[in-house]
Each structure stands twice: as structure tokens, then as C-alpha cells.
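Grab a pencil and work through a few exercises on the entry below. Each one has a task and then a solution in steps.

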Amino acid sequence: MIFSPFKSLKFIGLSIGLLYTSTAIAHDPVFSPGPHVLFKDGIELHLVNKNSKSDNLSQNEQSLAFKYGVTGDWVVGLELPYQPVNNPFSSGKAVGDAILSTKYRFWRDDAPGVQKSAAVFMKLKLDTAGSKSGTDTTDSLVGFAYGYESLDWYRWASFRYRFNQGKTLETIGQLNRGDRWFTDLAMGYRFQINDYREPDTVWLLELNGEFSERNSINGIDISSTGGEQWFVSPGLMWTLRNVAIKAGVQVPIISDLNGNQEETDYRTFLEFEWHI
Amino acid sequence: MRQAIVKSSLKFFTVALFFWITPSFADGSRFEIRADGLACPYCAYGIEKKFMQIKGVKKLDIDLKKGIVIVIGEKDLTFKEEQLKTLFTDSGFTFRKFKKTKIKE
């Protein structure tokens, strides 16, 4: 079997697609970020399982994240993914690059049973895992999220931009990885409001758009990279006091990918969250 | 003699029963605190956590429909407006007003 560097690049691209596309916290949507932060001195623990299935490739990734509420409007976090190694012919997994995150809610407008808020956030994917299970780069993401929450209806909107750092590949040359940006609209509905200590369920529906610029090697664009994908994503959030379970599935409705790329069939997301 | 033993036992049980019942009639305080932004129980957990760290607070409940946080505490439990304002800001909500009533627990 001949090792193709371009096939490897495609694999890396798909792997990165799973990485930190979600910056959800607490009562935020499943596949997109919201403006929620954490109470001061609060700790939030996340256990996440993500799946992505395309024509010939199925990927599974777990991650563990800690968040800490510095103030009632500012949260910082650390995430460690456990993901497939960067080898298209291997099914092994390893701890991936550590991700630092922060979110600041700069605006909040409260009324009886209603909260409107907006936040900015940033993520920094460090180069801690090397090339085996990481990207060998330090990438960053910045974004903005708005949210409206009431006792029955929810709605959110967000925008994220990811700056992908380039790197030098020994056998090929200088690889420039195209930046990506994301835009999301989400709504939620709670059919019944229960007492504080009873279970609470919010049903969610999201529209997620992803746009990738082409990668290039030594300044020459790689044809089968970059493009646009849109997903419709039903999901739910179930909570019981300080415990939450979030689940959802992303189904592509538009896939306009450049060249010959494997289109995503679906993605799934399952998360357990605990406020300590 | 036997009658005296029964009388003494009755007295003992009566006194014991009195002391057993008495604490349940102890005075306490009930606070009804109006807060805005209460739209989900999961997010409101921070309020519970903050209140339960305060000495003298015994119980807490949140009525999301009415936007009221109910705190039950010892009779000498007091809050200042500024204290509640900070507590709710740190929890991510907006404090409006509160009312204290004395209760028999």
C-alpha cells in the first residue's frame, strides 16, 4: 500500500473538522456556541463523545473538559481530546492537542423569566500532542454568540472564525491550512416548565454553516480541499439540577466541497455535563 | 409501688416528648427574593450553591414561573441588599427585591 501525503492531508482535515467546532457550555445549543458562562467560582466538567461518518471514513472522538467561572461573566477552560492518530491506515487513538478556552459575557439583559445576553469567546489549540495525534500547529478560534432564553422559547445566533497555522512537511514543503469559519442559528422549545428540582427538557433545532478555505502547498492550492457545508441539527438538552445531558445529530443539507472530497453523511454528539 | 413507677415513667416520657417536639417549633426565617433572568433550572444551580455556603441558610427552592428564590434559614439570618445584589450578579442573574417573614418550622 502506497502512502499518499494528500490522502493523509485529507484525513488530517477531517480530524480537525471534529476538533473544537463546538464551544458549548451549560444551556447553549449542542453544535454551536451560545453566550452562557458559569457562576463565579463554579466548576463545570464535560465528557463528550463525537462521531463523524463520511463515505469511507468513520471517526470517533472523546474529550474531557474543565471550565471555571472566574466571575459571573467570565469563564476559562481546558479541554483534552482523545482522538484517532494521524494515520489513515491505523485505528489507534491517543490524547490530542490540549485546548484552552475563554468566554466573556459582555452584555446581559434580564427580565422576569427572560435572559438576553451576548458573549465573545476564544480558543487556543496548543501543539501539545505532536504530529502523532495532533496537528503539529497552534490554531486559534474567535467568535461571538447571542442568546435569548425564556421559560418556553430559546434562540441563539453565533459566528466563529478559526485561524489555522501552516506548517512545514518534510517530504512536501510548506503547507498552508485554509482558515475556517462557522455561522449558526439555533432555536429551542421547552414544552413544560417543571419545579427546580425536577428534570427539565429543551428540544433544539440548529442550522450550522461551515466554510473552509483551500489548503495550499508551496503556494499552490490543493484542489480537493475547502468548500462549504450546511447542516440541520436536531437535538435536546436534559437537565436535573446540576447535571445535564446533551445530544444531537448533524445532517448535511448542502455540501459544496471543492474537488473530490468525501462528503459528511452525519455527525453525532453526546455530552455529559456536571456543575460542581 | 408499681403505680409510682408507672407515674415516674409517664413523667419521663412526657418530658422527653416535650424536648423532642420543641425543636420542631423553633423560629426560623423565610426569604422571598425576586430575581430576573431565571429561565432555566440548570443555570439557576449557581444561586443554590452560593446561598448554601451562607451560615444559617437551611433550605432553598426556586420558583422559576414566578421568578422567586425562596430561602429558609435560622431566625436571626439576615441579608443586606448589596450582599444579595453581588450574590445574584456572581450567579449570572439580576436581583430585584426581597421580603423576610418569620416562620414556625
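The exercises below start with the contact between the chains and then move on to strand pairing, all in a predicted model.

**Exercise 1. Work out how many residues of chain A and chain B are in contact, and which residues of chain A supply the most buried area.**

Step 1: Count the residues on each side. Chain A brings 36 residues into contact with 27 residues of chain B.

Step 2: Look at the area. Together the two chains bury about 2,500 Å², and 56% of that is on carbon and sulfur atoms.

Step 3: Pick out the big contributors. Phe39(A), Tyr196(A) and Arg241(A) supply 28% of the area that chain A buries against chain B, more than any other three residues.

**Exercise 2. Find the polar links between chain A and chain B, and say which strands of chain A help form the side that touches chain B.**

Step 1: Start with the salt bridges. There are 2 between chain A and chain B. One pairs Arg241(A) with Glu48(B), where the closest N and O atoms are 2.5 Å apart. Arg241(A) should ring a bell: it's also one of the three residues from the area tally.

Step 2: Widen the search to polar contacts. The count here is 14 residue pairs, with both residues at pLDDT 80 or more.

Step 3: Map the touching side of chain A onto its strands. β5, β6, β7, β15, β16 and β17 of chain A each supply at least two residues. β5(A) gives the most, with 4 residues.

Step 4: Sort that side of chain A by residue type. You get 14 nonpolar, 10 polar and 12 charged residues.

**Exercise 3. Trace the strands that pair with β17 of chain A.**

Step 1: Take β1(A), residues 43-54. It runs antiparallel to β17(A), with 11 bridges joining the two. Within this pairing, Lys50(A) sits opposite Phe269(A).

Step 2: Now take β16(A). It is joined to β17(A) by 8 bridges, again antiparallel, and Val243(A) faces Trp274(A) across the pair.

Step 3: Check the connection. β16(A) and β17(A) make a hairpin with 6 residues between them, and Gly259(A) in the turn has a positive phi of about 60°.

**Exercise 4. Why is one side of β9 and of β14 in chain A left without a neighbour in the sheet?**

Step 1: Write down the strand order. This open sheet of 4 strands in chain A goes β9-β10-β13-β14, with antiparallel pairing.

Step 2: Read off the ends. β9(A) and β14(A) stand at the edges with a single partner strand each, so one side of each has no neighbour in the sheet.

Step 3: Zoom in on one edge. β9(A) and β10(A) are joined by 3 bridges, and Leu169(A) has Gly173(A) as its bridge partner.

Conventions. Residues numbered from 1 in each chain as written. Chains lettered and ligands numbered in written order. Predicted model: local features only at pLDDT ≥ 70, side-chain atom pairs only at ≥ 80, totals over all residues. Heavy atoms only, no water. Contact = heavy atoms within 4.5 Å. Buried area = accessible area lost by both parts, 1.4 Å probe. Salt bridge = Lys/Arg side-chain N within 4 Å of Asp/Glu carboxyl O. Polar contact = N/O pair within 3.5 Å; in protein donor to acceptor, adjacent residues only side chain to side chain. Nonpolar A, V, L, I, M, F, W, Y, C, P; charged D, E, K, R; others polar. Pairing = 2+ DSSP bridges.
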